[in-house]
Amino acid sequence: MGKDYVDHDFALEAVTATHRRGFWKMAMLMVGFTFFSASMLAGGTLGQGLTFSQFIITVLIGNLLLGAYTGTLSYIAAKTGLSTHLLTRYSFGHQGSYLPSFLLSITQIGWFGVGVMMFALPFQKVTGVNIWLVIIVAGILMTATAYLGIRALTVLSFVAVPAIAVLGTVSSTRAISSMGGFEELMAYQPAETLGIAAAISICLGSFISGGTLTPDFARFAQTKKIAVSTTLLAFFLGNSLMFLFGAIGAISTGQADISEVMFTQGLIIPALIILGLNIWTTNDNALYASGLGFSNITKLPKKMLVIFNGMLGTLLAMWLYNNFMSWLNFLNLTLPPIGAILIADYFIRSKGQYGKLAESSKTVRFQAIVAWLIGLLCALFIPGIPPLNSLLGAGVSYVVISKLTEKK
């Protein structure tokens with residue numbers, strides 16, 4: 001690379017002041033980040049297991065917790081200008097950071113492949129086009145925006161966010177009307193009820209793993225206020241809309257995905273548009289984050305790794321969809337402890353002050369790795385809300401272990 005080369009995605013350094021973004025660009029980027037198909041499926045599960053008033057309360061509590069978690073990570077990212085992967089160098093150590101980077105990246109590649117397949121199957125069903133042709137074309141298009149970087153992600157969000165919001169609202173309004181109106185929706189009684197702990201766990205679990213990657217995007221905010229406010233907006237608006245669309249669809253038609261609801265309503269073309277844009281905004285963010293993670297490990301350019309990861313996710317899309325879902329759900333449990341350790345390290349161990357990245361902690365900090373394992377075990381074996389258990393277990397144990405093993 002020449003002397004004048006500028007990495008506009010800042011894979012291995014802090015984002016400079018000249019490349020920071022204002023409120024509206026960040027708002028669209030972050031809302032697009034939360035437009036996630038899995039949140040609609042989670043909303044459908046909640047909608048069928050709760051009354052509608054219970055659903056609203058659960059989503060508000062869940063998004064309040066998600067907003068607190070991701071908003072805190074956004075604050076750190078905006079202040080330091082660093083991605084999730086570079087932040088882990090302080091708590092896990094330079095080489096120790098390879099563990100969280102690998103876990104985060106491999107999970108995102110897996111979800112990228114699953115997302116490609118989630119679009120390809122209904123598209124092939126409607127159009128009759130060869131499934132592999134759809135997979136390859138979709139994979140190439142989604143990889144292209146991730147390759148072009150944060151600018152392309154922002155442009156895509158400016159297109160996708162209004163389109164999904166408008167089309168989803170139109171479809172949900174029709175669904176409510178077909179039920180007999182809003183009064184019937186409020187009067188809905190589930191055949192089998194969900195417990196409050198299980199409901200909040202579903203709400204948190206739908207996006208807490210992806211939320212751990214919030215710094216990858218929030219670091220581009222001009223100020224800490226913009227980073228935190230747009231993140232909170234994304235979770236209370238974007239994520240809540242996904243839950244709402246899923247719940248209304250599931251209650252009225254038995255289908256949680258808004259695109260499936262549209263199919264039943266005869267809105268074939270809008271359904272394919274909203275399905276494609278929804279998955280696209282998720283997949284390009286996933287691929288972008290995976291490129292940053294492997295760049296931290298290999299020190300190779302992020303763009304080169306995005307192409308490789310996109311090809312891998314595309315070629316394995318069918319296998320990932322058929323065989324990898326349960327494994328991806330397990331991997332999701334391994335990610336929240338990473339964010340908890342970042343927060344504990346920044347605010348408690350480092351008192352909100354980080355030195356230069358090149359001067360960050362030693363090669364491997366076992367304190368973070370042990371705390372990460374404790375957080376994972378808390379999610380797996382302690383009753384209650386697994387994502388919350390993992391956050392608290394990892395954060396508290398990291399602080400305690402650090403204080404016991406480090407001299408002042």
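Which residues have the most contacts inside the largest nonpolar core? They are Phe217 and Ile341, in a core of 83 residues. The model is predicted. The protein chain folds into 20 helices and zero strands. Four salt bridges turn up in a search of the whole structure. Salt bridges that share partners tie Asp345, Arg349, Arg365 and Glu406 into one network.

**Overall fold**

- The secondary structure is helical, with 20 helices and zero strands.
- The radius of gyration of the protein chain is 21 Å, which agrees with the value near 22 Å for a compact globule of 408 residues.
- The C-alpha trace spans about 65 × 50 × 40 Å along its principal axes.
- Of the 408 residues, 57% are buried.
- Take contacts between residues at least 6 apart in sequence: 84% of them join residues at least 24 apart.
- The accessible surface comes to about 16,500 Å². Carbon and sulfur atoms account for 69% of that surface.

**Nonpolar core**

- The largest nonpolar core holds 83 residues.
- Phe217 and Ile341 have the most contacts inside this core.
- Setting aside residues up to four places away in sequence, Phe217 touches Met26, Leu29, Met30 and Phe33.
- The list for Phe217 also includes Ile150, Leu153, Asn285 and Tyr288.

**Salt bridge within helix H18**

- Arg349 and Asp345 form a salt bridge through their side chains, at 2.9 Å from N to O.
- Both residues lie in helix H18, which covers residues 336-349.
- Arg349 and Asp345 are four residues apart, about one turn of the helix.
- The two partners differ in exposure because Asp345 is buried, with a relative accessible area of 0%, whereas Arg349 is partly exposed at 30%.

**Salt bridges to Glu406**

- Glu406 meets Arg349 in a salt bridge, at 3.1 Å from N to O.
- This pair links distant parts of the chain, 57 residues apart. Glu406 sits in the segment after helix H20 (386-405), and Arg349 in helix H18.
- Glu406 is partly exposed, with a relative accessible area of 29%.
- Arg365 also forms a salt bridge with Glu406, and here the closest N and O atoms are 2.1 Å apart.
- The Arg365 and Glu406 pair also links distant parts of the chain, 41 residues apart. Arg365 lies in the loop between H18 and helix H19 (366-381), while Glu406 is in the segment after H20.
- Arg365 is buried, with a relative accessible area of 1%.
- Shared partners join Asp345, Arg349, Arg365 and Glu406 into one salt-bridge network.

**Tyr346 in helix H18**

- Tyr346 lies in helix H18.
- Buried or exposed? Tyr346 counts as buried because its relative accessibility is 2%, and the cut-off for buried is under 20%.
- Leaving aside neighbours within four places in sequence, Tyr346 is in contact with Tyr75, Ile76, Lys79 and Thr80.
- Further contacts of Tyr346 include Lys351, Gly352, Gln353 and Tyr354.
- Tyr346 and Ala198 are 148 residues apart along the chain, and their C-alpha atoms are separated by 31 Å.

Note on methods. Residues are numbered from 1 along each chain as its sequence is written. This is a predicted model: local features need pLDDT of at least 70, side-chain atom pairs count only at pLDDT 80 or more; totals for chains, interfaces and linings use all residues. Side-chain values use heavy atoms; hydrogens and water are left out. Helices (H or I, at least four residues) and strands (E, at least two) are DSSP runs, numbered from the N terminus. Buried means under 20% relative accessible area, exposed over 50%, partly exposed in between (1.4 Å probe, protein chains only). A nonpolar core is a set of buried Ala, Val, Leu, Ile, Met, Phe, Trp, Tyr and Cys residues joined through side-chain atoms within 4.5 Å. Contact means heavy atoms within 4.5 Å. The radius of gyration is taken over C-alpha atoms; the globule rule is 2.2 Å times the number of residues to the power 0.38. Accessible areas come from the Shrake-Rupley method with a 1.4 Å probe; for residues, only the protein chains shown count as cover.
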